[in-house]
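Trainee: I want to test the labels on this model. Can we take them one at a time, value against cut-off?
Mentor: Yes. Have the model open.

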Amino acid sequence: MRPIIIGMAGHIDHGKTALIRALTGRETDRLEEERRRGITIDLGFTWMDLENGMRAGVIDVPGHEKFIRNMAAGAPGMDLVLLVIAADEGIMPQTREHIDILSELGIRKGIIVLNKCDLVDAEWLEFAEQEIREELDEMDGCCFADAPLLRVSAVTGEGIERLIETITRTAIQIAGENGTAFGTRGFRLFVDRVFSKDGFGTVVTGTVMDGSLKKGDELELYPRGEICRVRNLQVYEEETDFCRAGERAACNLSGVKKELLHRGCVLATPGTLEVSRLFAVKLHLLPGAERLLENRSRLHLYCGTTEVLCRAVLLDRDVLAPGESAYVQLQLEADAAFVRGDRFVVRYYSPLETIGGGEILHVDQKKRRRFRPDVLEELNIWENGSEAERLEQAIFSDRGIFCTEKRLADRLRIEEKYLQELLAALIETGSVLQFGNLFCHRKKEAWLRRTISGLLEASYRTRPFRRGMSLSEARNVFLQEAENAGISEGERKQAWDSYLAYLENESDFLAERGYLVERTYKMQQNVAFWKCREAFEKELEQAGFQFTKASVGSLREILEQEIKKNKMSDVLPENATEDFLTYLEEEEEIVRLDDGIYAGKRDLDEAVSWIKAQLSEREKITVSELRDHLACGRKQAKLILDHTDRIRVTRKNGAESERVRGR
């Protein structure tokens, strides 16, 4: 079963630290000032062994109003909270604020501990219990509304055994409920303390939120991106090689400077978190908040152990009233690494008071537009949709066209095995497409296809003598998007092959002779085309085997003269002559022998036939013999033999001027 973390909350001087001492036999006040003043200033940590053999971490949070920020930093990761209320005082202001914070952070299991029962009589205890229940009932959404209430005295030991029994029973229930797929992707720890230890170096402590960690593992320090290694591990002050979610861990790190670490950092499996300053959230304003929250209000945000200033952009209204909830984009003033499902608390910038909290729905990379139905619908899916619906939304809303299993698993915080089942279902319905190791939403593929179609139309318009757009151009568009998904070059090429096959099966596109073409497209063979063809054929015929260099410039000049002479309105497009020559080559009407030098296919076939006939009767043929037979120059004869070498009719054998039968 997953270990659990127990938190202690309550007003200052209601006996939280004394209760921990009674339950565990250990002190959590570690600072000299805490011991001198008798109050908890910073977070305190220890553990307790339950009756069933389970070891639970214990966090003591400060109760004084001035240390609420430290209390908020200790709350993440708590599975069970003991709300400590002194019998002689009852619920106090910080008790209420602690309850608000814990409720907004999603704490759902609690035990109310009525402490200092030795200081009051039985009648007062009955009155105190009734008053606590009535006040908790009035607090909307309070996580302690139905919690058991136990009477104890941390000083005399009264009720401690019964409290331990209740804690054990609740812990077993919580541990059994925690084995879900959500939140298990990779290791993640919110840093709450950083210190140096002689002989070891830098040490950080925190609650393991997700996953597991082994000694020697690499970790990434977010949001900075520094990579470090775990030199040693401790769980509850005992050396170990392994820690897991639900435990308090101390990590001795190497490869990172202590100055870079502080409360609020996150240690996680490298590459599994996304850093941003924009987060889409569902924000709930406490019913007891004393003023309205206006759009773009400046707030203090507490998430994990991070505290950062932000602006609250209300996406569906201008003002949020107490007790209301709304979709909001938090625009942070510093980088942060939160994930979907993280709970948070917000306090006014000034005066500093807790006003609400909520849940991170999505890590954004751009600012969201207000009052947009599609934006609100997307956030509704992130909040209320099924895992399959969220996965489809993640694929559709990702920053690129394509995403990988790893990226999706990191964003949704789920294991890849479970993710594969969801992906298979979406692929079967056709809403998601797979190309190699890449996944794409059907709507995004339609956008990509429109982009390629637009490029193809532009190609037809500007280069009408080409069959279509070269496959390399279309491939580059695809590979650029695939590169953004962060996969290897080999995987990108494999994905392109898969996508090209998809285009040929599912669209009007066809791969033909190195081009992407429309199945129904017919190349323009207008007056310009025919004049160009006529001029070139005439030049080839006049040249014969002399192979006068057919320059693109001369062709253009001839064609422009023809257009002018015949008063044609056709304007010769850019690259038209190059495309024209390429087309005739592809149609096997001409053969390129060298740069800008072409031969008519009929003439060249005649020369090749003569060479074949000669080599069928004798061992070799020379350049001079071919030159004399064709009545051409030596250079032209050599060009023909180079051509027959390429098509393996001949091959060199010793002398440069001799050829033998090819293999």
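Mentor: Start with proline 223, in the loop between strand S10 (218–222) and strand S11 (226–235). Helices (H or I, at least four residues) and strands (E, at least two) are DSSP runs, numbered from the N terminus. The model is predicted: local features need pLDDT of at least 70, side-chain atom pairs count only at pLDDT 80 or more, and totals for chains, interfaces and linings use all residues. Residues are numbered from 1 along each chain as its sequence is written, and side-chain values use heavy atoms, with hydrogens and water left out.

Trainee: What kind of peptide bond joins tyrosine 222 and proline 223?
Mentor: A cis one, with omega about 5°. Most peptide bonds are trans.

Trainee: How do you know that the bond from serine 350 to proline 351 is cis?
Mentor: Its omega is near -5°. Proline 351 lies in the loop between strand S22 (343–348) and strand S23 (354–364).

Trainee: What is the sign of phi at lysine 116?
Mentor: Positive, about 60°, although lysine 116 is not a glycine. Most residues other than glycine have a negative phi. Lysine 116 sits in the loop between strand S5 (110–115) and H5.

Trainee: And what is phi at alanine 631?
Mentor: Near 55°, again a positive value in a residue other than glycine. Alanine 631 is in the loop between helix H18 (623–630) and helix H19 (634–646).

Trainee: Why is alanine 631 called exposed?
Mentor: Its relative accessibility is 60%. Exposed means over 50% relative accessible area, buried means under 20%, and partly exposed is in between (1.4 Å probe, protein chains only). So alanine 631 counts as exposed.

Trainee: What makes tyrosine 521 partly exposed?
Mentor: Its relative accessible area is 21%, so it falls in the in-between class. Tyrosine 521 is in the loop between strand S29 (515–518) and helix H14 (527–543).

Trainee: How many disulfides does the rule give?
Mentor: Zero. A disulfide here is a pair of cysteine sulfur atoms within 2.5 Å.

Trainee: Why does cysteine 265 have no bond to cysteine 228?
Mentor: The sulfur of cysteine 228 is the closest cysteine sulfur to that of cysteine 265, but it is 10.0 Å away, so it is too far for a bond. Cysteine 403 is in no disulfide either; its nearest cysteine sulfur, that of cysteine 440, is 7.9 Å away.

Trainee: How do you know that cysteine 265 is buried?
Mentor: Its relative accessible area is 1%, so it counts as buried. Cysteine 403, at 0%, is buried too.

Trainee: How many salt bridges are counted?
Mentor: The count comes to 45. The rule asks for a side-chain nitrogen of Lys or Arg within 4 Å of a carboxyl oxygen of Asp or Glu.

Trainee: Why are lysine 215 and aspartate 241 called a salt bridge?
Mentor: Their N to O distance is 3.4 Å, so the pair passes the rule. It links distant parts of the chain, 26 residues apart: lysine 215 in the loop between strand S9 (212–214) and S10, aspartate 241 in the loop between strand S12 (238–240) and strand S13 (242–244).

Trainee: What about arginine 340 and glutamate 387?
Mentor: They meet in a salt bridge at 3.6 Å, N to O. Arginine 340 is in the loop between strand S21 (325–336) and S22, and glutamate 387 is in helix H8 (residues 387–397), 47 residues apart.

Trainee: Why is arginine 340 called buried?
Mentor: It has 6% relative accessibility, so it counts as buried. Glutamate 387, at 17%, counts as buried as well.

Trainee: Which class does each partner fall in for arginine 466 and glutamate 473?
Mentor: Arginine 466 is buried at 10%. Glutamate 473 is partly exposed at 35%. Their salt bridge is 3.3 Å, N to O. Elsewhere, salt bridges that share partners join Lys638, Asp642, Asp645, Lys652, Glu656 and Arg659 into one network.

Trainee: Which residues gather in the patch of negative charge?
Mentor: Glu131, Glu134, Asp137, Glu138 and Asp146, on the surface. Patch members have over 30% relative accessible area and no salt bridge, and like charges are joined within 9 Å. One of the members, aspartate 137, is in helix H5 (residues 122–138). At 55% relative accessibility, aspartate 137 counts as exposed.

Technical notes: Patch = residues over 30% accessible without salt bridge, like charges linked within 9 Å, V, L, I, M, F, W, Y side chains within 5 Å. Areas by Shrake-Rupley, 256 points an atom, 1.4 Å probe, with all protein chains shown as cover. Lys, Arg positive; Asp, Glu negative; His and termini not counted. Charge placed at Lys NZ, Arg CZ, Asp CG, Glu CD.
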